[in-house]
Amino acid sequence: MLDLAAAYQETQEHLDGIVRDLTEDALRTTVPASPDWSVKDVVAHVTGLAGDAVGGTIPEGLNPVEALNDPIQAAMREDLTADQVASRRDRSIGEILDEWSAHLEALLPMFRGELPFPRPFPFADAILVTDLSVHAQDVRGALGAPGDRDSQGVSVSLASYAAALGLRLALNGLPPLRIRYSEKERLAGQGEPGATWEGDRFEIVRALSGRRSGDQIMSMTWTGDPTPYVPLIPAYGPRTDPIVE
């Protein structure tokens, strides 16, 4: 079983190590996966989410799981993330990273079940690890600093996004999708699969998290008709611009 506390801490420490000593110009680098954000903005977001989790300030009406399928919930999520970034825009990267590190004192025991989340929501611990892992890879891609592709955080992301995909397929009346990678396979949904999608594990995770275009997903190995599945694979809606990392 994956250790969510260890997965989060590992990714946090590695991202801190990448960005803490960057120049201001490097911190302003646009992140292709989230083109409205710079590298510094991404760090502000993950710091803000940690702060909201330990402070219990995630809005009562927001359910991050439902936000993957409900436009109203998605808009609430976007408002929250925009505030996390805007409220830290005038701080230095060192101040933001120090704030983030300070949140770990409460956040890691929450992952381990030693403390409750002040504002609990379904799968809070897995969502926090998944969000951090995905954004850490976004920063790595923007800076040309690949790494951690076999980390526990990426493994958590795969499980989280595959489960969410299964829900989307069911909501859209589609049979499950078999996902094959690294001589392993996972079923998104329950029942007899309607198609099989196969590829590099990291590429599959990036596609599930909305970091690959429809054409990139379609170009991977498929058995069965990929057409109804490809638009539903990205967690945040179809992407038109290709991202190569």
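**Note on cavities, a buried arginine and a strand trio**

1. The count comes to 2 cavities of 30 Å³ or more. The model is predicted.

2. Start with the largest cavity. Its volume is about 60 Å³. The lining consists of Thr11, His14, Leu15, Ile18, Ser133, Ala136, Gln137, Arg140, Asp148 and Ser151. Helix 1 (4-19) and helix 6 (124-143) each contribute at least two of the lining residues. By class, the lining has 3 nonpolar, 5 polar and 2 charged residues.

3. The second largest cavity holds about 40 Å³ of space. Around it stand Ser133, Val134, Gln137, Val154, Ser157, Phe202, Val205 and Arg206. Helix 6, helix 7 (152-171) and helix 8 (201-208) each give two or more residues to this lining. The split here is 4 nonpolar, 3 polar and 1 charged.

4. Two residues deserve a look when comparing the linings. Ser133 and Gln137 line the largest cavity, and Ser133 and Gln137 also line the second largest. Helix 6 supplies at least two residues to the lining of the largest cavity and two or more to that of the second largest.

5. Next, Arg88. It is found in the loop between helix 4 (71-86) and helix 5 (93-111). Is Arg88 buried or exposed? Its relative accessible area is 10%, so Arg88 is buried, the cut-off being under 20%.

6. What does the side chain of Arg88 reach? It comes to 3.1 Å from the backbone oxygen of Gln84. Leaving aside neighbours within four places in sequence, Arg88 is in contact with Lys40, Ala44, Thr47, Gly48, Ile96 and Glu99.

7. Now the strands. Strand 3 (residues 177-181) pairs with strand 4 (residues 184-188) and runs antiparallel to it, with 5 bridges joining them. Arg178 has Leu187 as its bridge partner in strand 4. The hairpin leaves 2 residues between the strands, and Ser182 takes a positive phi near 50° there.

8. Strand 3 also pairs with strand 5 (residues 195-198). This pairing is parallel and spans 4 bridges. Ile179 stands opposite Trp197 of strand 5.

9. Which residues of strand 3 make up its covered face, and which its uncovered one? Leu177, Ile179 and Tyr181 form the covered face. Arg178 and Arg180 form the uncovered face. Put the pairings beside this: Arg178, on the uncovered face, is bridged to Leu187, while Ile179, on the covered face, has Trp197 opposite.

Technical notes. Residues numbered from 1 in each chain as written. Predicted model: local features only at pLDDT ≥ 70, side-chain atom pairs only at ≥ 80, totals over all residues. Heavy atoms only, no water. Buried < 20%, exposed > 50% of the residue type's maximum accessible area, 1.4 Å probe, protein only. Pairing = 2+ DSSP bridges. Polar contact = N/O pair within 3.5 Å; in protein donor to acceptor, adjacent residues only side chain to side chain. Contact = heavy atoms within 4.5 Å. 1 Å grid on protein atoms, 1.4 Å probe; cavity = no way out; pocket = protein on both sides within 12 Å on 5 of 7 lines; lining within 4 Å. Points joined across faces, edges and corners; volume = space filled by probe spheres on them. Nonpolar A, V, L, I, M, F, W, Y, C, P; charged D, E, K, R; others polar.
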